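Trainee: Please take me through one part of this model in detail. I would like a close look at the sheet and what packs around it.

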Amino acid sequence: MDMLVTPPLNIAIVDDDESVLDAVQTVLDVQGWVTHTYTSGEAFLSDLKHHKLDCIILDSNLPGLSGAAVAQAISTGVKNIPIISLTAYPGSSQTAKIKRLVIHEVLVKPVTAEVLIEHIQKAIMPTEEPR
């Protein structure tokens, strides 16, 4: 019997804090997922067309181009990619802006590996139609 082999997930991580970037990348790499890391929204958007992404992990408070601006650019393009935003400032105006956009979830840092993986899996799974 042939087993269906699914390709690994392709996930972009956008965070200006390199320790967060490294930690999230390590968690996702352990899952066997392919990660693409960016320290700015500008770098991510300039590289977006080169990858078929399954999910984006996006810091809401990026310097320069904000997380909300990055999410807006993605949502107005042809991409329909689930976005999970990470924030250390859940009450900030940037977090409020990002929540109004096409975001799957906003998680408050620090987030455990288990919670992050669970939310990624929920974001990428197609919703099933009721029978």
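Mentor: Start with the sheet in this predicted model. Five strands form an open sheet in the order 2-1-3-4-5, and the pairing is parallel. Strand 2, residues 34–38, and strand 5, residues 105–108, are the edges. Each has a single partner strand, so one side of each lacks a neighbour in the sheet. On average, neighbouring strands are turned by 20° against each other, direction ignored.

Now go to strand 4, residues 83–87. On one side, strand 4 pairs with strand 3 in the parallel sense, over four bridges. Four bridges also join strand 4 to strand 5, again running parallel. Follow Ser85 across the sheet. Leu58 stands opposite Ser85. In strand 5, Val106 is the residue opposite Ser85. Take Ile84 as well: its bridge partner in strand 5 is Glu105.

How buried is strand 4? Five of its five residues are buried, so the strand is largely enclosed by the rest of the structure. Its side chains split two ways. Ile83, Ser85 and Thr87 point one way, while Ile84 and Leu86 point the other way. Both sets are buried.

Next, the helix over this region. Helix 4, residues 93–100, lies across strand 3, strand 4 and strand 5. Against strand 5, helix 4 runs at about 150°. Which residues of helix 4 are buried? They are Gln94, Thr95 and Ile98. Viewed down the axis of helix 4, these buried residues fall within an arc of 100°, so they line one face of the helix. The general rule fits here: an α-helix has 3.6 residues a turn, so residues three or four places apart point the same way. The cover over the buried residues of helix 4 includes strand 3, strand 4 and strand 5. Helix 3, residues 67–76, is also part of that cover. Turn to the face of helix 4 that points away from the buried side. That face carries Ser93, Lys99 and Arg100, which are exposed.

Helix 2, residues 41–47, deserves a look too. Leu45 is found in this helix. Is Leu45 buried, partly exposed or exposed? Its relative accessible area is 25%, so Leu45 counts as partly exposed. Leaving out residues up to four places away in sequence, Leu45 touches Leu65, Val70, Ala73 and Ile74. Take the contact with Leu65. Leu45 and Leu65 are 20 residues apart along the chain, and their C-alpha atoms are separated by 9.9 Å.

Last, the aromatic rings. How many aromatic pairs does a search of the whole structure find? It finds one. Tyr38 and Phe44 form that pair, in an edge-to-face arrangement. Their centres are 5.4 Å apart, with 70° between the planes. The cut-off for edge-to-face is over 60 degrees, so this angle qualifies. Both partners are buried by accessibility. Tyr38 has a relative accessibility of 8%, so it counts as buried. Phe44 has 1%, so Phe44 counts as buried as well.

Notes: Residues numbered from 1 in each chain as written. Predicted model: local features only at pLDDT ≥ 70, side-chain atom pairs only at ≥ 80, totals over all residues. Heavy atoms only, no water. Pairing = 2+ DSSP bridges. Helix = DSSP H or I, 4+ residues; strand = E, 2+ residues; numbered from the N terminus. Axes fitted to C-alpha atoms, helices over the stretch in contact; angles between N-to-C directions. Contact = heavy atoms within 4.5 Å. Buried < 20%, exposed > 50% of the residue type's maximum accessible area, 1.4 Å probe, protein only. Arc of directions from axis to C-beta. Phe/Tyr/Trp six-rings, centres within 6.5 Å; stacked < 30°, edge-to-face > 60°.
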